[in-house]
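Open the model in your viewer and have the selection tool ready. We will go from one stop to the next.

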Amino acid sequence: MMNWIDIGTIDDIPERGARLVKTPVGCVAVFRTSGDEVFAASNSCPHKGGPLSEGIVHGNKVTCPLHNWVFSLETGEAQGADEGRIATYPIRIEDGRLLLDASALAAKDAA
Amino acid sequence: MQKLVIIGAGMASGRAIEHLLEAAPGAFDITLFNAEPRGNYNRIMLSPVLSGEKTYEEIVTHDADWYEANGVTCRFGEKVVEVDRARKVVVGEKGEVPYDQLIFATGSNAFIIPMPGHDLPGVVTFRDLEDTGAMIEAAGKPGSRAVVIGGGLLGLEAAAALRLRGMDVTVLHIATHLMERQLDPAAGYLLKKDLERRGINVILEAQSKEIVGNGRAEQVNLADGTELPCDIVVMAVGIRPAVSLAQECGLACGRAIEVDAQMRTSDPSVFALGECVEFEGNLFGLVAPLYDQAKVLAATLTGGEATFAMRELSTKLKVTGCDLFSAGDFAEGEGREDIVFRDPARGVYKRLVIENDTLVGAVMYGDTADGNWFFGLIKDGEDISDIRETLIFGPGFLGGDTADPLSAVAALPPEAEICGCNGVCKGDIVAAIDGGATDLGALRATTKASASCGTCTGLVEQVLAVTLGDGFQMPTAQPICGCCDLTHEDVRRLIKSQELKSQEAVWQELGWKTLNGCHVCRPAVNYYLLADWPIEYQDDPQSRFVNERNHANIQKDGTYSVMPRMWGGMTDAAELRAIADAAEKYGAAVKVTGGQRIDLLGITKEDLPHIWRDLNEAGMVSGHAYSKGLRTVKTCVGSDWCRFGTQDSTGLGIKLEKLLWGSWTPHKVKLGVSGCPRNCAEATCKDVGIVCVDSGYQISVAGAAGMEVKETEPLATVKTEDEVLEWTVAFIQLYREGAKYLDRPYKWVAKVGLNWIVEHLSDADTRRALNARFELSQSVYRTDPWAAEVAKSERYTPLADLTLEAAE
């Protein structure tokens, strides 16, 4: 069952940037692309734990600020030669409000 | 899980670990010892690092992070003291590690001729990064001289690289021609001629007698009385397998550790690979058989079946412009015939050695395009009697085709080897191209072709051209990144000439292939736009790396370091008190930096706006210790205090810093001002260095003191402080307008030439115009970013906290 929680507005996030949300499964980064799409994903790079919310957002991808791993925000998959993926979480926009599915975050915890 | 201990983190063991992780992830608990305090780098590429064509970072293949990410326990910088095979433990300096299986990958040491003086400081080998660093340092001294002992592959690469760095180089070689193991005398002659044309002095049949000097190597004396003064001696006469540890623990050793075709030593649970092994009487020094060994060893350890076999090797020299190739056996002998082709005007020489109607050896100089085709014929032992008449002209002539340079590559069979280092054949590359890898970078990523020593890059590109036809354009210059086809220089030029004043304009007008660039091109384009259009274009924080966006330096644990500016390195009691208060309040570690200021480490992101506000209130501003911009102006106390000071160096430093602070530049910029030629502010290794003298000020530029160390070069000598300010600003503005993003001034100066800069800046009108443009830009950027960021401090806090709600 989905449990949509209001975490703020799209304007709280810089375009081609990200903000953090603290959750029971750790920090989740909420990204906003140049096309005003939003994505939620784990903040921690599987390589060395770099904070992905501090990375450069280009297209629907983000580059880790520590060692330049690139991840698709849509699938969470590492791009190019690097192998790994970050967890992604359901998020949607309703009347400019950002709604994050808290059940996905809790489910991860239980599993 | 089996406990696997590996001694030595080099190219062979690095490759073996890759294969092991691939074949049996999680099957081994690996501990890796390395006496060098670092991971694995591509040792074959030390030559381009030495010549400055590559940096150390570019040749790292597995760093400590990589090993850690793959679960390998690293004991770097720790020597292995003993191996106790009875108890199955490896004893390191910091303790024991038990093993089920042990791998020796101890490599080799450079051989040092035990002549008198061989142990003087200034005598180096050419094996590792330390050696390379020592040579680069020696080359930094103007007019410095090097003697290279050994005219083999390694010695010549060292000689050519040192010459490129401007050293006066002499090569001493004991044989009658260079590279006698790989070349015949004719090719050796052409090579010597080519090297001499580059200003390298070659002495053949040289008997070195001794190295002399007062406390360090200053001269090499030959047996015939020749004296060669020098600043550094490079011994490159060969390598010796490093086997003492293996001998001490009783493993069977000949000249090296004896192994069978499964890489097993005389002890069934101990293996060896790389330059420290001996297989059927053979030793190994080239990378290709090492990689084969790695493959075999990984298969053996994971229960597979593989057998190591010797194979034919070919040789190329990694010296830009010296085109040579040799393969097989080219000694003269009974029953052997030669086919020779020479073109003196072009300096081309080709020789094929034929025995029993098969090709057994090939030596080529000046034109090596057909080398791989010949190498294929040698390896396959093909009967060449039918094609003998035109054989020397290569595959292009076989079908009566005209000599299209690409037809040689087109004629190669799929099993022809293209990349010798990684054993990649033409068929693999064509398959990868068909699978969508249609440029060099993609091919490297998918097949590893040309990813090690890089000499086959041209060949790989030709395979691309042949396979893709018109779909492939030979690259001329390196584009910024995969997002566009233009170089940094092109983009800078077009931003100015087409008056492109926004990122969107750049993406659109210059044909970007991605929506809004990537982490490589966007920071560069952002800089170019703000440097050329300071008023029209607004700096974009989302196109900056984390440090510049957050105005602090991120540390490995995700906290930040904060550094307030100390003008010219001056501070006072009130500032120090405020810094002490802030350190206490935010729990910071305190470090005094080399740039004469104080760093506060361990600040969390959320605290950043608070500590900035506190420091702002005490009158301090950002030190921009994180920026590609002006960092510090280091000064000495000058005539205010020092009995030797000739001018007010501190005051001048402060004036410079107040003028320049806040400006963005292609890379960081550091200045130094010394009050007299004793140079206590170390001004002559800065990007701009001022040395005060009685009669005025000497301005010099383009120094470096990082990976590379380089003394500044004189720009101008002036009489007044105002002139110092005008020249310095003019130089920095010229750098801001012209340099490639992430080139420090010394790199930019090396590209455009100091003469051009001096010529340009000698014109007073030009200097004034540059100053005016800098001042216009500074009207926007000479401001404290901390104060601005404090106003939007909510950006530094989490958007929401769901930990409480979910806990319910």
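Select strand E2 of chain A, residues 17–23: this strand gives the most to the lining of the largest cavity, with 3 residues. Keep in mind that this is a predicted model.

Now show the rest of that lining. From chain A, add Pro14(A), Gly17(A), Ala18(A), Arg19(A), Ser53(A), Glu54(A) and Gly55(A). From chain B, add Gln542(B), Arg549(B), Lys605(B) and Arg795(B). Colour the lining by class: 2 residues are nonpolar, 4 polar and 5 charged. The space they line has a volume of about 70 Å³.

How many cavities of 30 Å³ or more are there? The count comes to 3.

Go to the second largest cavity, which holds about 40 Å³ of space. Select Glu54(A), Gly55(A), Ile56(A), Thr63(A), Cys64(A), Pro65(A) and Asn68(A) in its lining. Then add Phe545(B), Val546(B) and Arg549(B). This lining has 5 nonpolar, 3 polar and 2 charged residues. Glu54(A), Gly55(A) and Arg549(B) line the largest cavity and also the second largest.

Next, move to the start of chain B. Select strand E1(B), residues 2–7, and strand E2(B), residues 28–34: they pair in the parallel sense over 6 bridges. Trace the chain from E1(B) through helix H1(B), residues 11–23, to E2(B); this β-α-β crossover is right-handed. Zoom in on Ile6(B), which stands opposite Leu32(B) in E2(B).

Last stop: add strand E9(B), residues 101–104. E1(B) pairs with E9(B) in the parallel sense too, over 4 bridges. Here Val5(B) stands opposite Leu102(B).

Note on methods
Residues numbered from 1 in each chain as written. Chains lettered and ligands numbered in written order. Predicted model: local features only at pLDDT ≥ 70, side-chain atom pairs only at ≥ 80, totals over all residues. Heavy atoms only, no water. Pairing = 2+ DSSP bridges. Helix = DSSP H or I, 4+ residues; strand = E, 2+ residues; numbered from the N terminus. Right-handed = clockwise from strand over helix to strand, strands pointing away. 1 Å grid on protein atoms, 1.4 Å probe; cavity = no way out; pocket = protein on both sides within 12 Å on 5 of 7 lines; lining within 4 Å. Points joined across faces, edges and corners; volume = space filled by probe spheres on them. Nonpolar A, V, L, I, M, F, W, Y, C, P; charged D, E, K, R; others polar.
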